[in-house]
Amino acid sequence: MEVDIALNKQASTIIDIALENAQNYLLDLNELQTESCSYEMKNIEWTTCKDFTIELGRKQIEEYISTWECHRSWLHCIDFLQEKELEFSRQYHYRVRWSIPTRRKPIPRATACVYFIIEISKVKPPSFPVEVYYLVESNQLIHRPGQTRFREKWLKDIIQSKILLQESVNF
């Protein structure tokens, strides 16, 4: 009888500890999810179709890129590539080339590019904002400002893969 009471007491203690641990785990998990969901997608106010110019597009891409969380050692340049006439829109293509030059290697071994497309609709009213999307080099996923969080890791992965490829090829 005394053994049964001692076993019940021990079982009760184990169950209480297990329940407390499970509650703490769920609270921690909920807190982590709240933190990750609380990230605010950053965007800028893009110009209207009627006010768009190639130079304004470049400036707005620069403004949007400044909202990205990248280390300050990253440098970039923006190039206008081409204008494309489509049936219902006109597209303006830009390339943002990223690198990390250093004192020892001012000319980087590899760069990573992000391609922006600014689209001006021919069917929507001219007072509507331009459509903007971007693609990271070697990826086909289309990102939209304000809907995707840019990751510095994307640039690092591209540069790392290019360097690995260069090292594997003997000239």
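**View 1. I118 and V132 pair across two strands.** I118 has V132 in β4 as its bridge partner. The model shown here and in the other views is predicted. Six bridges join β3 to strand β4, residues 131-136. The two strands run antiparallel.

**View 2. Strand β3 and its other partner, β2.** Strand β3 spans residues 112-121. Strand β2 covers residues 89-99 and is joined to β3 by 10 bridges. Here, too, the strands run antiparallel. One position to look for is R97, which stands opposite C113 in β3. How many of the 10 residues of β3 are buried? Eight are, and the strand is mostly covered.

**View 3. Four strands make an open sheet.** The order is β1-β2-β3-β4, with antiparallel pairing. Strands β1 (75-85) and β4 form the edges. Each of these edge strands pairs on one side only. From one strand to the next, the twist averages 20°.

**View 4. Helices α2 and α3 on the sheet.** Helix α2 takes in residues 54-65 and lies across β1, β2, β3 and β4. It runs at about 45° to β2. Helix α3 packs on the sheet as well, where it touches β2, β3 and β4. The direction of α3 makes about 125° with that of β3.

**View 5. T148 in the loop between β4 and α3.** The loop that holds T148 links these two elements in the chain. Is T148 buried or exposed? Its relative accessible area is 19%. Buried means under 20%, so T148 counts as buried. Which residues does T148 contact, leaving aside its neighbours within four places in sequence? They are M41, Y64, Y134, H143 and W154.

**View 6. A nonpolar patch on the surface.** L165, V169 and F171 form this patch. Together they have about 410 Å² of accessible area. L165 lies in helix α3, which spans residues 152-168. The relative accessibility of L165 is 55%. Exposed means over 50%, so L165 counts as exposed. Helix α3 thus appears in two of these views: the helix packs on the sheet, and its residue L165 belongs to the surface patch.

Note on methods:
Residues are numbered from 1 along each chain as its sequence is written. This is a predicted model: local features need pLDDT of at least 70, side-chain atom pairs count only at pLDDT 80 or more; totals for chains, interfaces and linings use all residues. Side-chain values use heavy atoms; hydrogens and water are left out. Patches are made of residues with over 30% relative accessible area and no salt bridge: like charges are joined within 9 Å, nonpolar side chains (Val, Leu, Ile, Met, Phe, Trp, Tyr) within 5 Å. Accessible areas come from the Shrake-Rupley method with a 1.4 Å probe; for residues, only the protein chains shown count as cover. A salt bridge is a side-chain nitrogen of Lys or Arg within 4 Å of a carboxyl oxygen of Asp or Glu. Buried means under 20% relative accessible area, exposed over 50%, partly exposed in between (1.4 Å probe, protein chains only). Two strands pair if DSSP finds at least two bridges between them. Axes are lines fitted to C-alpha atoms, for helices over the stretch in contact, and angles run from 0 to 180 degrees between N-to-C directions. Contact means heavy atoms within 4.5 Å.
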